[in-house]
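This report examines a single protein model, moving from individual sites to the overall fold. The sequence and structure are shown first.

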Amino acid sequence: MTVRKFLLAAKGQGVFPPPVWLMRQAGRYLPEYRETRKKAGSFLDLCYNPELAVEVTLQPIRRFGFDASILFSDILVVPHALGRDLRFEEGRGPVMTPIEPGDIASLEPESIHEKLEPVYETVRRLRVELPDETALVGFCGAPWTVATYMIAGHGTPDQAPSRVFGYRHPEAMDELLGKLTEASAAYLIRQIENGADAIQIFDSWAGVLDQPSFERWCVKPVTEIVKRVKARFPDVPVIGFPRNAGLLYANYRSSTGVDVLGLDWTVPMSQASELQTQGPVQGNLDPMRLLAGGKALEEGVRTILETLGNGPLIFNLGHGITPQTPIEHVEQMLKLVRKQA
Ligand code: CP3
């Protein structure tokens with residue numbers, strides 16, 4: 001089998017030049033994505049359509065030859081499979097009916113797989129259709145981040161509704177996170193069984209919590225998910241991404257058991273370098289440097305490569321690529337990382 005550079009780095013080897021991929025690399029900045037998206041109907045229809053989901057997953061690989069491909073789906077298919085209603089509104093993002101403490105007992109993590117079967121089908125087809133050297137990353141949202149959408153019913157800038165919910169109803173919050181932990185672990189295990197080579201757990205809203213809440217609502221559930229996944233698949237790398245965790249990044253790898261730490265762009269290079277002494281890191285270019293291009297992009301890439309380039313490093317953005325990003329800037333970034341510029 002061909003070597004997958006991404007997997008070598010994820011398992012702790014220095015690889016030069018570093019493997020590279022982008023969070024949200026399949027998406028609206030690509031004209032071919034916008035075309036397929038029109039054909040699919042709604043965004044959720046696209047997530048549950050294996051043929052089209054495979055197509056949009058492959059689009060950025062064909063165009064850019066990234067070292068890893070990420071399954072096309074969304075973190076919110078898990079609450080959807082648990083029976084919560086979900087729709088994506090143009091210009092607004094996900095909308096759900098806010099969950100109440102009394103609704104939690106009826107969530108059944110065991111029953112998610114039937115609804116998620118199209119996602120597993122997408123994974124199976126992808127592993128066949130991807131180039132051999134391209135790793136396939138499966139993913140889920142971390143329970144806290146998924147819960148923020150279930151509780152507020154939509155995205156918010158600071159997750160105030162979920163923090164208040166957790167302080168007013170601590171037992172209900174634990175119960176909800178417990179159900180999501182069970183569903184997410186089972187979901188990830190199925191993705192690996194069907195062909196995913198690595199897993200990323202997106203805790204995009206980890207950074208809004210105080211330390212005790214971070215430990216209870218972020219670290220604890222993710223630790224349990226990693227434990228369950230590792231019990232079945234000890235050699236499959238797990239990437240943890242507690243976005244904006246700041247100083248709380250320090251113990252995240254050792255407490256949760258994730259192999260790779262996903263860093264957002266606010267992590268200083270000195271801290272990133274320190275974290276890299278304990279294992280592989282992924283990140284952490286500011287997506288707005290990629291959008292802006294030119295000197296800002298060159299300097300951002302150079303700083304990361306100078307500080308972290310000896311590895312183990314997986315080059316990525318510090319959060320998802322945005323729809324306004326020019327495609328030429330992605331090409332430029334790849335040349336810089338792969339040193340052909
Ligand atoms: O290419 C990839 O990275 C794979 C697919 C992927 C999507 N969402 C597709 C998507 C992944 C890994 C996600 C994760 C996700 N989804 C997260 C965690 C990462 C992060 O960005 O913080 C979160 C919080 C969500 C929830 C979500 N989905 C939001 C808030 C939105 C609306 C924001 C937006 O950009 O419109 C989505 C929609 C979404 N998920 C789109 C895509 C390509 C855009 C929808 C469209 O095409 O109309």
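H319 is buried: 23 other C-beta atoms lie within 10 Å, and the threshold for burial is 20 or more. The model is a predicted one. H319 belongs to the loop that runs between β9 (313-317) and α15 (327-337). Leaving aside residues up to four places away in sequence, H319 touches M23, R243, D264 and P287. In UniProt, an unreviewed entry lists H319 under the feature "binding site", together with R24, Q25, A26, G27, R28, D74, Y149 and S204.

**Neighbouring positions and annotated sites**

G320 is found in the loop between β9 and α15. G320 is classed as partly exposed, because 16 other C-beta atoms lie within 10 Å, a count between the limits of 12 for exposed and 20 for buried. The contacts of G320, not counting residues up to four places away in sequence, are M23, R24 and P287. M23 and P287 are also among the residues that H319 touches. The C-alpha atoms of G320 and G155 are separated by 15 Å, with these positions 165 residues apart along the chain.

R24 is found in the loop between α1 and α2. R28 is found in the loop between α1 (5-10) and α2 (31-40). When residues up to four places away in sequence are set aside, R28 touches Y33, R34 and P323. The UniProt annotation "domain: Uroporphyrinogen decarboxylase (URO-D)", from an unreviewed entry, covers residues 19-28. Over residues 19-28 the chain is 0% helix and 0% strand, and the C-alpha atoms at the two ends are 23 Å apart.

The burial of several residues in loops is set out below.

| Residue | C-beta atoms within 10 Å | Class |
|---|---|---|
| H319 | 23 other C-beta atoms | buried |
| G320 | 16 other C-beta atoms | partly exposed |
| R28 | 14 other C-beta atoms | partly exposed |
| R24 | 17 other C-beta atoms | partly exposed |
| N244 | 19 C-beta neighbours | partly exposed |

**The ligand shell**

Which residues are the closest to the ligand? The closest are A26, G27, G93, F202 and S204, within a shell of 23 residues that surround the ligand. A26, G27 and S204 also appear in the UniProt "binding site" feature, which comes from an unreviewed entry. Strands β3 (93-95) and β4 (135-141) each supply at least two residues of the shell. By residue class, the shell around the ligand divides into 11 nonpolar, 8 polar and 4 charged residues.

**Overall fold and nonpolar core**

The protein contains 15 helices and 9 strands. Its radius of gyration is 19 Å, close to the 20 Å that the globule rule gives for 341 residues, so the protein is as compact as a globular protein of that length. The C-alpha trace spans about 60 × 45 × 40 Å along its principal axes. Buried residues account for 48% of the 341 residues. Of the contacts between residues at least 6 apart in sequence, 74% join residues at least 24 apart.

In soluble globular proteins, nonpolar side chains tend to be buried together. The largest nonpolar core here has 108 residues, and the members that touch the most other members are L71, V78, V137, A198, I199, I201 and C218. Helix α9 (residues 170-193) contributes the largest share of this core, 10 residues. A198 touches L7, A10, A135, V137, V236, P237 and I239, not counting residues up to four places away in sequence.

**Backbone geometry**

Most residues other than glycine have a negative phi, and most peptide bonds are trans. Where does the model contain cis peptide bonds? One such bond joins G283 and N284, with omega of about -15°; N284 lies in strand β8 (residues 281-285). Another cis peptide bond joins G311 and P312, with omega of about 0°, and P312 is found in the loop between α14 (294-308) and β9.

Positive phi values in residues other than glycine occur at R24, where phi is near 60°, and at N244, where phi is near 65°. N244 is found in the loop between β6 (238-242) and α11 (252-256). N244 counts as partly exposed because it has 19 C-beta neighbours inside 10 Å, whereas burial requires 20 or more.

Key. Residues numbered from 1 in each chain as written. Predicted model: local features only at pLDDT ≥ 70, side-chain atom pairs only at ≥ 80, totals over all residues. Helix = DSSP H or I, 4+ residues; strand = E, 2+ residues; numbered from the N terminus. Rg over C-alpha atoms; globule rule 2.2 N^0.38 Å. Contact = placed C-beta atoms within 7 Å. UniProt positions renumbered as here; feature names shortened; annotations may be inferred. Near = placed C-beta within 6 Å. Nonpolar A, V, L, I, M, F, W, Y, C, P; charged D, E, K, R; others polar. Core = buried A, V, L, I, M, F, W, Y, C linked by C-beta atoms within 7 Å.
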